[in-house]
Amino acid sequence: MNPHDATKELATALAEARVVAVLTGAGISAESGVPTFRGPGGLWEGHRGEELATPEAFARDPVLVWRFYDWRRTKLASCEPNAGHRALVAIEKRVPHFTLATQNVDGLHRLAGSENVLELHGNIWRIYCERECHEVIDRRAPLPEPLPPRCPRCHAPLRPGVVWFGEPLPWHLFEQAEAAAQAAQVFLVIGTSGVVEPAASLARVAKHAGAFVAEFNPEETALSRYASALFRGGAGDSLSAVVTALEDM
Ligand code: OAD
């Protein structure tokens, strides 16, 4: 199918849908300058993100892990939502039931204006005590020294409010995402390599429940086989074209 036909087909499906669900990953924020986890730019001081985003790494060296997250926070502080984030806001406004499940911790979907957002992997601006007696939203970057920041109540190290490898997702959020995937007539998979579970399973759930699945990613991914429409450019341009087609209907 040529890109023009795919755009029209998806816009038509969106115009008719009552329930739409979306899964996004780091790729939708790439055009805002946020580094992805895998691929070029995925390394920090020679460490892979996956090596540092674990409870074991934090127990071993909380200062190293906090320096990594402080670096990410510093990069994010100057990032703005892009055309891809804004296109999802426009789609949400036109669909009766819209759910956006994101693996991103950057908060850019909400900043763009998306409302029904499920942050499956947490939010980097949230900080909480590892004994869970205290929680704050702190948008400062870099954080004041010394790292790690300490809980003002019990003095335990504070940790980033993100889900690390080996930790469970917030199940109430995942259940909502799964219910939306199950009910969706249209499911969009945007900017994710689709290799991290259980988030990736949402695309399979949607496909098996009969949704029209569309993927937005410049590269083939583990989830491409579930997609009936493939948009192989950057998410910003392709999603904007879909919104334009939708608004012309
Ligand atoms: P990845 O870094 O694994 O994948 C990013 C995807 O975005 C790749 O498939 C790229 O091809 C694609 N991409 C790059 N530029 C794009 C663009 N302009 N438009 C659309 N797509 C583009 O990121 P995730 O799949 O989000 O988990 O990674 C999943 C999880 O693994 C993350 O949430 C994080 C990570 O390690 C935790 O921190 C728990």
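## A tour from helix α8 to the aromatic cluster

Select residues 171-183, which form helix α8: its 13 residues reach 18 Å from the first C-alpha to the last, close to the 18 Å expected at 1.5 Å a residue. The model on display is a predicted one.

Within α8, display the side chains of L173, F174, A177, A180 and A181, which are buried. These residues lie on the same side of α8, because they cover an arc of only 125° around the axis. An α-helix has 3.6 residues a turn, so residues three or four places apart point the same way. Now turn to the other side of α8, where H172 and E175 are exposed.

What do the buried residues of α8 pack against? Add the strands β1 (19-24), β4 (97-102), β5 (117-119) and β9 (186-190) to the selection, together with helix α9 (201-208); the buried residues of α8 pack against these elements.

The next stop is the cysteines. The structure holds zero disulfides. Select C151, which is in no disulfide; the nearest cysteine sulfur belongs to C133 and is 3.6 Å away. A disulfide requires the two sulfur atoms to be within 2.5 Å. C151 is buried, with a relative accessible area of 2%. Select C79 as well: at 7% relative accessibility, C79 also counts as buried.

Move on to the aromatic side chains, among which there are six aromatic pairs. Begin with F68 and Y69, whose ring centres are 5.1 Å apart and whose planes stand at 70°, so the pair is edge-to-face. Are these two residues buried or exposed? F68 is buried, at a relative accessible area of 3%, and Y69 is buried too, at 5%.

Keep F68 selected and add W71. The two form a stacked aromatic pair, with 6.2 Å from centre to centre and 25° between the planes. Both belong to helix α5 (residues 62-77), where they are separated by about one helical turn because they are three residues apart. W71 counts as partly exposed, at 25% relative accessibility, whereas F68 is buried.

Extend the selection to F58 and W164: ring pairs link F58, F68, Y69, W71 and W164 into a cluster. Finish at W164 by adding R159, which lies over the face of the W164 ring at 3.9 Å from the ring centre. W164 thus appears in two views of this last stop, as a member of the cluster and as the ring beneath R159.

Methods. Residues are numbered from 1 along each chain as its sequence is written. This is a predicted model: local features need pLDDT of at least 70, side-chain atom pairs count only at pLDDT 80 or more; totals for chains, interfaces and linings use all residues. Side-chain values use heavy atoms; hydrogens and water are left out. Helices (H or I, at least four residues) and strands (E, at least two) are DSSP runs, numbered from the N terminus. The expected span of a helix is 1.5 Å times one less than its number of residues. Buried means under 20% relative accessible area, exposed over 50%, partly exposed in between (1.4 Å probe, protein chains only). The arc is that of the directions from the helix axis to the C-beta atoms. Contact means heavy atoms within 4.5 Å. Rings of Phe, Tyr and Trp (its six-membered ring) pair if their centres lie within 6.5 Å; planes under 30 degrees apart count as stacked, over 60 as edge-to-face and the rest as tilted. A charge sits over a ring if NZ of Lys or CZ of Arg is within 6 Å of the ring centre and within 35 degrees of the ring normal.
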